[in-house]
Amino acid sequence: MELGSIVDFLENKVILITGATGFLAKIFVEKILRVQPNVKKLYLLIRAPDTESALQRFNTEAVAKDLFKLLKETHGENLQKFLSEKVTPVAGDITYEDMGIQDSTLKEEMWRDIDVVVNVAASTNFDERYDVALPLNTFGARHVMNFAKKCVDIKLFLHVSTAYVSGEKPGLMLETPYHLGESLNGTTGLDIDQERKIIEEKLKELKCDDNANEKSIKISMKDLGMERANHYGWPNTYVFTKAMGEMIIGHLKGDMPVVILRPTIVTSTYKEPFPGWVEGIRTIDSLALGYGKGRLTCFLGDPQAVYDVVPADMVVNAMIVAIAAHANQTFSETIYHVGSSVSNPLKFTRIQKSGYLYFTEHPWIEKDGTPVVVGEVTVLKSMASFHRYVALRYLLPLQVLWFINLLFCQAFASTYKNVKRKINFVLRLVDLYEPYLFTKSFYDDMNTEKLRRAVRDSGDEEKYFYFDPRVIDWEDYFQHTHLPGVVKHEFK
């Protein structure tokens with residue numbers, strides 16, 4: 001694979017980015033503006049009712065963040081002028097045709113000028129309602145692809161998916177595409193349009209039910225997503241709808257060059273624009289914070305399991321390099337796993353050690369000023385041991401509370417309901433994340449390694465577009481970069 005200058009490629013290019021106020025998309029936008037200020041234009045699709053609201057969201061949810069501090073230092077008082085010249089926020093919604101863009105003049109301009117389309121918009125909630133996830137993650141991909149096909153000078157379509165579309169199979173997951181109608185368990189009959197009809201019929205049925213309310217409809221839609229995902233072999237609604245999104249893109253692409261990027265668990269920035277920038281608390285972070293605050297009494301999972309994580313700036317660098325590498329390669333579809341389980345595997349015990357060292361040196365301070373002292377937590381290495389632990393520690397006391405409530409004429413009814421609700425919530429979360437807590441999957445990165453090698457061979461741009469996880473000392477990264485970033489975000 002030959003690769004010219006990435007910075008030169010970006011010069012004078014027009015790029016459309018969907019989901020532009022999301023975590024990865026913001027880092028992507030900041031990086032492009034910082035390394036190539038001569039980019040012609042970035043169209044940022046933002047879910048908003050009008051252009052003014054889209055601009056406001058971009059300013060408050062992106063520009064106002066610490067993420068943009070290097071750009072602020074570079075441009076000073078001229079930052080807004082620079083952004084107004086380079087960035088065009090567009091009000092829209094990928095769940096609609098033409099991405100919900102109403103302004104016909106603007107659409108014509110975009111179709112004429114856009115060189116690259118980057119689709120990052122998605123719902124990443126594992127437990128999302130099916131009637132939310134399918135329109136966004138699956139049909140949203142169709143709408144963005146159809147929009148891209150109308151761009152007369154399109155050079156590449158990049159779609160950000162997830163490595164976990166491969167489900168929970170053990171072993172090496174390959175960088176190969178999914179085809180329309182394919183399932184993970186061999187079940188035939190997967191029809192994406194039929195999935196939409198199933199949702200419509202279920203909603204119609206629920207609306208005819210006099211006992212249905214907003215809460216019960218929400219639960220039914222979540223359950224329906226899990227049922228449909230499990231029926232075809234996927235563990236949850238998120239990865240199922242993302243897999244179908246990939247299928248649609250592969251089916252519709254025609255001769256358009258397509259790159260599908262599959263990151264693993266995305267963590268805080270490794271180096272740029274500065275170490276430790278993060279937004280939103282992810283699963284691995286909620287566990288770390290629960291431990292640091294002294295609220296995590298046990299951990300469920302295999303301590304020797306490899307957790308595949310990758311810093312966000314490395315994902316963004318891989319996105320940019322892939323765009324430059326594959327632009328104008330007609331009829332191509334390339335899959336990239338961006339992760340670490342093969343190149344630099346990280347076992348949970350190393351995360352655990354880093355957490356202990358960080359929170360020992362920087363203890364969480366309670367509201368009364370008392371520092372939280374952390375220690376070892378009970379590790380439950382199987383679902384059976386977890387259910388025994390929950391039964392003894394929580395379900396048995398809950399039964400006692402139920403009996404006391406009965407004796408005292410429902411005096412503790414609200415307490416009982418509240419405790420039961422919390423326990424059921426935890427049990428549902430555990431069911432949702434079980435495939436990842438005991439994972440035995442590794443994500444082949446042969447294609448990604450070729451891309452890294454191309455950057456190394458192309459000159460001195462590797463220092464700007466680094467995405468090799470082998471340079472990371474995981475314990476140092478978690479102790480001195482990631483956890484401080486997560487704690488800082490939590491305080492904000």
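# A first look at this model

M319 touches F28, V118, V120, L158, V160 and L261, leaving out residues up to four places away in sequence. Keep in mind that you're looking at a predicted model. M319 is a handy way in, since there's a nonpolar core here of 100 residues, the largest one, and M319 is among the four members that touch the most others. From there, the notes below move on to salt bridges, one helix with a buried side, a buried glutamate and some backbone oddities.

**The nonpolar cores**

- In the largest core, the four residues that touch the most other members are I17, F28, V118 and M319.
- Helix 12, residues 312-326, gives the most to this core: twelve residues.
- A second core of 30 residues lies apart from the largest one, and its members include Y178, I192, V239 and Y443.

**A salt bridge between two loops**

- How many salt bridges does the model have? The count is 32.
- One of them pairs the side chains of K150 and D98, with 2.9 Å from N to O.
- K150 sits in the loop between helix 7 (130-149) and strand 5 (156-160), while D98 sits in the loop between strand 3 (87-91) and helix 6 (104-113), so this pair ties together parts that are 52 residues apart in sequence.
- Are the two partners buried or exposed? K150 is partly exposed, at 39% relative accessible area, whereas D98 counts as buried, at 15%. The cut-off for buried is under 20%, so D98 with its 15% falls on the buried side.

**A salt-bridge network around helix 16**

- E449 and R452 join their side chains in a salt bridge of 2.9 Å, N to O.
- These two residues are three apart in helix 16 (residues 446-457), so about one helical turn separates E449 from R452.
- Both ends of that bridge are buried: E449 has a relative accessible area of 13%, and R452 has 4%.
- E449 has another partner too, as its side chain meets that of R470 in a salt bridge of 2.6 Å, N to O.
- This second pair links distant parts of the chain, with E449 in helix 16 and R470 in the loop between helix 16 and helix 17 (474-491), 21 residues apart.
- R470 is partly exposed, with a relative accessible area of 41%.
- Which residues end up in one network through shared salt-bridge partners? They are D445, E449, R452, R453, R456, D468 and R470.

**The two sides of helix 5**

- Helix 5 covers residues 79-86, and L79, F82, L83 and K86 are buried there.
- Looking down the axis of helix 5, you'd find its buried residues within an arc of 95°, so they line one face of the helix.
- On the face turned away from that buried side, helix 5 carries the exposed residues K81 and S84.
- What covers the buried residues of helix 5? The cover includes helix 2 (23-35), strand 2 (41-46), helix 3 (51-63), helix 4 (69-75) and strand 3.

**A buried glutamate in helix 10**

- E246 belongs to helix 10, residues 237-252.
- This glutamate is buried, with just 1% relative accessible area.
- The side chain of E246 makes a polar contact with the side chain of S161, at 2.7 Å.
- Setting aside neighbours within four places in sequence, the contacts of E246 are H159, S161, T162, V165, Y178, I260 and R262.
- Y178 in that list also turns up in the core of 30 residues.

**Backbone oddities**

- Most peptide bonds are trans, and most residues other than glycine have a negative phi. Here are some exceptions to look for.
- The peptide bond from E272 to P273 is cis, with omega near -5°.
- P273 lies in the loop between strand 8 (265-267) and helix 11 (283-292).
- D98, the salt-bridge partner of K150, has a positive phi near 55° although it isn't a glycine.
- M99 isn't a glycine either, and its phi is also positive, at about 55°.
- Where is M99 found? Look in the loop between strand 3 and helix 6, where D98 lies as well.
- M99 is buried, with a relative accessible area of 0%.

How values were computed:
Residues are numbered from 1 along each chain as its sequence is written. This is a predicted model: local features need pLDDT of at least 70, side-chain atom pairs count only at pLDDT 80 or more; totals for chains, interfaces and linings use all residues. Side-chain values use heavy atoms; hydrogens and water are left out. A salt bridge is a side-chain nitrogen of Lys or Arg within 4 Å of a carboxyl oxygen of Asp or Glu. Helices (H or I, at least four residues) and strands (E, at least two) are DSSP runs, numbered from the N terminus. Buried means under 20% relative accessible area, exposed over 50%, partly exposed in between (1.4 Å probe, protein chains only). The arc is that of the directions from the helix axis to the C-beta atoms. Contact means heavy atoms within 4.5 Å. A polar contact is a pair of N or O atoms within 3.5 Å; within protein, one must be able to donate a hydrogen and the other to accept it, and residues adjacent in sequence count only if both atoms are side-chain atoms. A nonpolar core is a set of buried Ala, Val, Leu, Ile, Met, Phe, Trp, Tyr and Cys residues joined through side-chain atoms within 4.5 Å.
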